Amino acid sequence: MARYIKGLRALTLMLKRITIMTLMKNKVILGLSGGVDSTAAALLLKEKGYKVTGLYFDIFGSQTNSDEGRKRAETAAQELGIDFIYKDVSCEFEDIVIKNFCSEYMAGRTPNPCIVCNPAIKFKTLTEAADERDAYYIATGHYADTYYESGRWYVRRAYNIKKDQSYMLYRLDQNIISRLILPLNDVEEKEHVRQLARSRSLNNSEAKDSQEICFISEEDNYKDFLKRKGFKTPKGKFTDRYGNMLGEHQGILNYTIGQRKGLGIALGKPAFVTSIDSENNNIILGNNEDLFKNEIISDHNIIVNEDFLSSDDVTAKIRYAAMPARAHLKRLTDGKIKTIFEEPQRAATPGQSIVFYKGDLVIGGGFITKA
């Protein structure tokens, strides 16, 4: 039976490879939100001779603001003269992204929903749609690049470091990266993207940049979102690092590491959230210096090659907006990775991702559990 299963897996893999080989390399399925970035990406792909189809991901389903997003994307597709696909991914999004978002905050961690969504929803849906339409390539408006070396594909930092979004893509697998085109990699400034849209008289050339969390409106906040979902956490203690009580907090979902404002407590000096003890429902406060740590532990790690763990030429970043800093990686006995930075990093936050680089190449990352 084991030999039969092994043979069946080999046959399935071979058929998959044959399918990919027969896909048309002049066709590309592009994630099209209707925003200026994805629209500009479509224009650049068309200029390179690709037959582009725009795919709109509906994460809201039957909710009222769903139609507005779809119409914006469909209008962009019409103006661009490209085919348009609509995909309702609201059920999967709720089950995978929203549930994770809520459970992480309830556990005292700060999630990044894009990190979860990209491999499980966005790029999975793009790849499935590409297979259905005999398209070899997929594309998005992310500011990043891909690179092939020694039999392996990598995500690479964007030419425009200020706009670089490679951090968000570290969990993509080889099947996705090998088929991925990122047309905005070479764009030097965001204004150039807008100028490209203006030159084609597109309606969305002046559209605002995407909001930080796509399923929470600009007028809303994550705390109210969680409360509407039925989540709330009881009041508890503010303590110092020695366990001394300093006051009462309003529930751990209201706080994140590094927070100073909105604590609702006066100590006669600046106080910051330095850690969250969800097990005992305590928020630990300290000074700014307490936020700087050299060592960070992460789990659910992805490493493209274990040899990188012993490399002296690795950098890492603990949040999207951070610059990569020199670090050394060590695999622990429980499978987690300890990252030892040469310079202390401020406010490493459980739930966020730490992403590893070798030069400009993304070589892995994981979810921060402890700092």
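This report describes the fold, one sheet, one hairpin, two helices and the salt bridges of a predicted model.

## Overall architecture

The chain comprises 8 helices and 17 strands. Its radius of gyration is 22 Å, close to the 21 Å that the globule rule gives for 371 residues, so the chain is as compact as a globular protein of that length. Along the principal axes, the C-alpha trace spans about 65 × 50 × 45 Å.

Of the 371 residues in the chain, 49% are buried. Among contacts with a separation of 6 or more, 65% are made by residues 24 or more positions apart.

## The parallel sheet

Strands of a sheet pair through backbone hydrogen bonds, either parallel or antiparallel. In this model an open sheet of 5 strands runs in the order β3-β2-β1-β4-β7, with parallel pairing. Strands β3 and β7 form its edges, each pairing on one side only.

Within this sheet, strand β1 (residues 24-31) pairs with β2 in the parallel sense over 5 bridges. The bridge partner of L30 in β2 is G54.

## The β8-β9 hairpin

Strand β8 (residues 236-239) and strand β9 (residues 245-249) pair in the antiparallel sense, with 4 bridges between them. One bridge can be located by residue: K237 has E248 in β9 as its partner.

The hairpin has 5 residues between its strands, and G243 takes a positive phi near 95° there. The loop between β8 and β9 also holds R241, an exposed residue with a relative accessible area of 59%.

## Helix α4

Helix α4 covers residues 90-106. At 1.5 Å a residue, its 17 residues should span 24 Å, and the end C-alpha atoms are 22 Å apart, which agrees. The helix bends by about 30° at I98. Just after α4, G108 takes a positive phi of about 85°.

An α-helix has 3.6 residues a turn, so residues three or four places apart point the same way. The buried residues in α4 are S90, F93, V97, I98, F101, C102, E104 and Y105. These buried residues pack against two strands, β2 (51-58) and β3 (83-88), and against two helices, α5 (113-132) and α8 (222-228). Strand β3 is one of the edge strands of the parallel sheet.

## Helix α3 and the surroundings of A76

A76 lies in helix α3 (residues 65-80). With a relative accessible area of 3%, A76 is buried, because that value is under 20%.

Leaving aside neighbours within four places in sequence, A76 is in contact with G34, T39 and N204. A76 and Y56 are 20 residues apart in sequence, and their C-alpha atoms are 11 Å apart in space.

## Salt bridges across the sequence

Side chains of opposite charge can pair when their charged atoms come close. The model has 15 salt bridges, and three of them are described here. The side chains of K229 and E94 meet in one of these, at 3.1 Å from N to O. K229 lies in the loop between α8 and β8 and E94 in helix α4, so the pair ties together parts that are 135 residues apart in sequence. K229 is partly exposed, with a relative accessible area of 36%, and E94 is also partly exposed, at 32%.

A salt bridge of 2.9 Å, N to O, joins the side chains of R179 and D131. The pair links distant parts of the chain: R179 is in the loop between α6 (174-177) and β7 (180-181), whereas D131 is in helix α5, 48 residues apart. R179 is buried, with a relative accessible area of 1%, whereas D131 is partly exposed, at 33% relative accessibility.

The side chains of R241 and D290 meet in a salt bridge at 3.9 Å, N to O. R241 lies in the loop between β8 and β9 and D290 in the loop between β11 (282-286) and β12 (292-303), so the pair ties together parts that are 49 residues apart in sequence. R241 is exposed, whereas D290 counts as partly exposed, at 23% relative accessibility.

Notes
Residues are numbered from 1 along each chain as its sequence is written. This is a predicted model: local features need pLDDT of at least 70, side-chain atom pairs count only at pLDDT 80 or more; totals for chains, interfaces and linings use all residues. Side-chain values use heavy atoms; hydrogens and water are left out. Two strands pair if DSSP finds at least two bridges between them. The expected span of a helix is 1.5 Å times one less than its number of residues. The bend at a residue is the angle between axes fitted to the seven residues ending there and the seven starting there. Buried means under 20% relative accessible area, exposed over 50%, partly exposed in between (1.4 Å probe, protein chains only). Contact means heavy atoms within 4.5 Å. A salt bridge is a side-chain nitrogen of Lys or Arg within 4 Å of a carboxyl oxygen of Asp or Glu. The radius of gyration is taken over C-alpha atoms; the globule rule is 2.2 Å times the number of residues to the power 0.38.
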